[in-house]
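Thanks for coming, everyone. Please bring up the sequence and the structure on your screens, and I will talk through them.

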Amino acid sequence: MYDLMRRPGEMRENELDVVVPSKLGEGVIAIPEGAQLTVNARVEGLHEGILVSAHVSGEAVGECSRCLKPISESVEVDFAELFAYSDDEAFDYTVQDDHVDLEPVVRDAVVLSLPFQPVCRPDCPGLDPETGERIEDLDDYQPREVIDPRWSALSELVGDTTRPADSQNEAPSRSTDSKPTD
């Protein structure tokens, strides 16, 4: 980095294979400690500081948020960050001595790119809510129909119309053929 400092227009490109020092992500999916990330970085000297543009790739592991199967998913993320020479509050990161610390920038970019609810496949049916078994492992699965208790009175009425009518409960029928008398 020393050869780029205070030399606007100078540029270097590097490819780094980095071992993850601690787990990246805390949700259902993360990049585990000890995994490898590939960082393709372009470092440019500017008047205000050093601009780092990078592409980071790696493999995240976790479990499907619907059926809890183990999954792995490739992670690809790009970022560009300016590391300023001064400690001005306008910049998030600064050049420290003659180097830049990419770890927090890479961590933020990778963690934010991880899916919130990863799935093993888009049409994953998930787990049976009653038994907790994977639905795809069950033969001829039919979900139990749950009726909202607020509508249960209506389901009883629907049930009454399918039963044969009781002659004592029948209302007298009106004939529409009769003419009204004056």
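I will go from the overall fold to the first helix and then to the surface.

Please keep in mind throughout that this is a predicted model. The protein chain has 2 helices and 6 strands, and if you read along the sequence, you meet them in the pattern β-β-β-β-β-β-α-α. Of its 182 residues, 25% count as buried, while the chain exposes about 13200 Å², of which carbon and sulfur atoms supply 49%. If we take the contacts between residues at least 6 apart in sequence, 53% of them join residues at least 24 apart.

Let me turn to α1. Which residues of α1 are buried? They are V105, V106, A109 and V110, and because they cover an arc of only 120 degrees around the axis, they sit on the same side of α1. As a general reminder, an α-helix has 3.6 residues a turn, so residues three or four places apart point the same way. As for what lies opposite, the buried residues of α1 pack against β3 (36-45), β4 (49-63), β5 (70-84) and β6 (93-94).

Now to the surface, where I147, W151, L154 and L157 form a nonpolar patch, with about 430 Å² of accessible area together. One of these residues, I147, lies in the loop between α1 (103-113) and α2 (152-162). Why does I147 count as partly exposed? Its relative accessible area is 46%, and the partly exposed class runs between the buried limit of 20% and the exposed limit of 50%.

Note on methods: Residues are numbered from 1 along each chain as its sequence is written. This is a predicted model: local features need pLDDT of at least 70, side-chain atom pairs count only at pLDDT 80 or more; totals for chains, interfaces and linings use all residues. Side-chain values use heavy atoms; hydrogens and water are left out. Helices (H or I, at least four residues) and strands (E, at least two) are DSSP runs, numbered from the N terminus. Buried means under 20% relative accessible area, exposed over 50%, partly exposed in between (1.4 Å probe, protein chains only). Contact means heavy atoms within 4.5 Å. Accessible areas come from the Shrake-Rupley method with a 1.4 Å probe; for residues, only the protein chains shown count as cover. Patches are made of residues with over 30% relative accessible area and no salt bridge: like charges are joined within 9 Å, nonpolar side chains (Val, Leu, Ile, Met, Phe, Trp, Tyr) within 5 Å. A salt bridge is a side-chain nitrogen of Lys or Arg within 4 Å of a carboxyl oxygen of Asp or Glu. The arc is that of the directions from the helix axis to the C-beta atoms.
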